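Visitor: Could you take me through one metal site in close detail, and then show me the fold around it?

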Amino acid sequence: MLFGAHVSSSGGIWQAIDRAEAMGCDAVQVFTQSPRMWRPTNHTPEAVARFRERREEARIGSVVCHALYLVNLANPDPVIHGKSVAAMRSSLEAAAAIGAEGVIFHVGSHLGAGFEAGLEHVVPALRELLELTTDDLWLLMENSAGAGGTIGRSTDELAAIHDALDHHPRLGICIDSCHWYVSGVDVTDRTALDAAVEEIDSRIGLDRLRCLHVNDSKAALGSNLDRHDSIGVGLMAAGLRTFLTHPAFQELPAILETPGPEGHGPDADEVARLRALHGS
Ligand SMILES: [Zn+2]
Ligand SMILES: [Zn+2]
């Protein structure tokens, strides 16, 4: 397992590597632009070269990018839909430039129109975006916490998207422990977790699972509330070890997206706690 965290890339994309190294990470997740603005960040060739150089020096085994929070590929409004596709496109371009292995995204919300109606907007958008992927850079759908009309609340929904895209070879998934928990998958229980992993394997294929988000939860099992908590202090507490040590997950990057001690994200101490919880 490669232990890592989502880190800020403010001040220059390469600074994400500096921060990850200082935290003792083997893997890192970054935004390639501000997640709450449509406007893309222009990364200079020098910044990109420095990122790649620093990654080598810091021995970061896995780099993934997270798309903007604003993206909603299921939105029927052509303006928002178009902006979402354009933003995903620039995330993929920036990810390719820095040598990232994946762009993780939330599929979006059907805004009450229903899953099938949402799919009609999601599928053509993904078909177009998958053109920009390579054997080294995949698109990774993240499971949602299941609030409102969000798409991706279950393996069934993720599998339906996969089916609609004819099991595209570069469309993978990222599983978030907190989102699974609040969607009703008790990841602290080995039997429940085995069943959920088996469902991924039979419906999508475990080879498509390329990344984990490891977050504890402030919200209850099945509550559909997306409230991440830090390692060791949420409702899952030591039970998160069951998720972390599952045999199917051991080759994957495990990325923290937790609030951390001051609400600014995880720190070195939390990465150490993550390793300790895993037992490595
Ligand atoms: Zn996540
Ligand atoms: Zn979340």
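Guide: Happy to; here is a walk through one zinc site, followed by the barrel. Please keep in mind that this is a predicted model.

Let's begin at the zinc ion (ligand 2), which is coordinated by NE2 of His179, two contacts listed as Asp226 (OD), and NE2 of His228, at 2.0 to 2.5 Å. The angles among its 4 donor atoms run from 53 to 133°. The site counts as irregular because a tetrahedral one would need all angles between 85 and 135 degrees, and those of a square planar one would also have to fit set ranges. Along the sequence, the donor residues follow the spacing H-x46-D-x1-H. Distant parts of the chain are linked here: His179 belongs to helix α6 (residues 177–182), while Asp226, 47 residues apart from His179, lies in the loop between β8 (216–217) and β9 (228–229). His179 is buried, at 4% relative accessibility, whereas Asp226 is partly exposed, with a relative accessible area of 37%. A second zinc ion (ligand 1) sits 4.6 Å from the zinc ion (ligand 2).

Now for the barrel. It is closed and has 8 strands, in the order β1-β2-β3-β4-β5-β6-β7-β10, with parallel pairing. On average, and ignoring direction, neighbouring strands of this sheet are turned by 30° against each other. Strand β1 (residues 2–6) and strand β10 (residues 253–256) run parallel and are joined by 4 bridges; one bridge partnership is that of Ala5 with Leu256 in β10. Helix α3 (residues 78–98) packs on the sheet, where it touches β2 (27–30), β3 (62–66), β4 (102–106) and β5 (138–142). The direction of helix α3 makes about 155° with that of β4.

Definitions and conventions. Residues numbered from 1 in each chain as written. Chains lettered and ligands numbered in written order. Predicted model: local features only at pLDDT ≥ 70, side-chain atom pairs only at ≥ 80, totals over all residues. Heavy atoms only, no water. Donors = N, O, S within 2.8 Å, 3.2 Å for Na, K, Ca; no water. Tetrahedral: all angles 85-135°; square planar, octahedral: opposite > 155°, others 65-115°. Helix = DSSP H or I, 4+ residues; strand = E, 2+ residues; numbered from the N terminus. Buried < 20%, exposed > 50% of the residue type's maximum accessible area, 1.4 Å probe, protein only. Pairing = 2+ DSSP bridges. Axes fitted to C-alpha atoms, helices over the stretch in contact; angles between N-to-C directions. Contact = heavy atoms within 4.5 Å.
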